[in-house]
Amino acid sequence: MPIYQILIRLLSPLIWLIVIIEGLKNKAGWAFISQKLGLHYSKPLQNFHHPIWIHCASVGEVKAAEPLIKHLMSEHKILLTTNTKTSQQLVNELFADQVFHRYLPFDWPFALRRFIKAYQPNRLWIVETEIWPNLFRVANKNAIEICILNGRLTQKTFQSPNWLQTAYRNSLRRVDKIIARSELDAEMFGKLGADSNKIQVLGNLKYSAQPEIQKQARPIEREFILAASTHNDEELNITQLWLELNRSELLVIVPRHPKRSIKIQKQLQFLGSKLKVATKNEAIQEDTKVYLDDRIGRLLPLYAHAKIVIMGGSYVPKGGHNILEPAAFKKAIITGQDSSDFEDEMTLLKAENGIIQNQNYPQLQQDLITLLEHPEQAQKLGENAYQALQKQKNTLQKYLVALNIQ
């Protein structure tokens, strides 16, 4: 018996304990525990015959699959499985009762057979990276077509023990189709043992859902640059470097959390009357240097009319914020070194020279000087960002064709 099969049997008591503790700790309830352990599956909805089974491990995969699921759910029965309580909550928010959600059982053959018998799917689509040997084997034995969508692999996969890589390799042989996000990912799947004839590259499914951009009225008459979704101390540091430039444009700051407004005002009180605050209904004057827009839902019109967008949450260890919205407005975007929550988006824009990423505030100041003194460079940067998004528009349609979905 392969090492993988021996281990999941030997470790079963520990796995049971971990699932129960996780269910209690996260208040996921009996549904989480019973479904993860393969103990009980409620009867499906009426007319729920042979659904498309889509598995998304967690929140990131649910977001990646969102455009595909929203396209399909009005015409197809969708069985959506996830691994976590947070992803289940996101499923409810995004799709309500238009998809049928269950937690994926652990990779025991008996649990998977019970799951498949209960819901009788005819297709299994795995989003991104999850490779469960028994899931693939049991699905294959039940004549369920297996596809990996938005497939990606990292070098970490090849640092796993040989016995686990063997289990992955055997699993991939049971897959009917792999749709990879990039040529590099396709190469990784081939290196792991997937049949090259079953691999195709169609891009990142997540970007097929373009931000909904509408014409925005100009919110501020003066020309301005925007520091968006800022976090603790970014406001002070960006203000200080901006004042050193002695520019005529206004600096507009929109904090990620408006409740921090009082603290930000105290940090910037040295500005005196040159600081204006939106929630105080203070009008922008000719000598105003900084405008603190501490209201909710103000970013889109500001993105639309800013000369340059500085993305906050990236000069402090917060992981950055959504850079695709300003890209959709053709804006020159500057971001700091921490984009860990938006690595894919950064890769997309950087590949098309559609964003500037720097390491610190002095570099930010220098980049601002360059773009403000050479507006044609700022315009080109924004256009490149926009075109990077446009190239992804047909991704969903390509997936539908590859999956033979009308």
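Reader: Say a charge sits over a ring if NZ of Lys or CZ of Arg is within 6 Å of the ring centre and within 35 degrees of the ring normal. Which residue lies over the face of Y386 here?

Author: That's K330, at 4.7 Å from the ring centre. Likewise, K191 has its charged end over the ring of F158, 4.5 Å from the centre. This is a predicted model, where local features need pLDDT of at least 70, side-chain atom pairs need 80 or more, and totals for chains, interfaces and linings use all residues. Residues are numbered from 1 along each chain as its sequence is written, and side-chain values use heavy atoms, without hydrogens or water.

Reader: Cool. How many aromatic pairs does the structure hold?

Author: There are 11, counting Phe, Tyr and Trp (six-membered) rings with centres within 6.5 Å; planes under 30 degrees apart are stacked, over 60 edge-to-face, the rest tilted. W53 and F115 are one such pair, tilted because their planes meet at 40°, with centres 4.9 Å apart.

Reader: And where do W53 and F115 lie?

Author: W53 is in strand 1 and F115 in helix 6 (residues 109-119), so the contact ties together parts 62 residues apart in sequence. Helices (H or I, at least four residues) and strands (E, at least two) are DSSP runs numbered from the N terminus.

Reader: Is F100 buried or exposed?

Author: F100 is buried at 8% relative accessible area (buried is under 20%, exposed over 50%, partly exposed in between, 1.4 Å probe, protein chains only). Y119 is buried too, at 1%. F100 and Y119 pair edge-to-face, 5.5 Å between centres and 65° between planes.

Reader: Which residues form the aromatic cluster?

Author: Y41, F48, W53, F100, F115 and Y119 make up one cluster.
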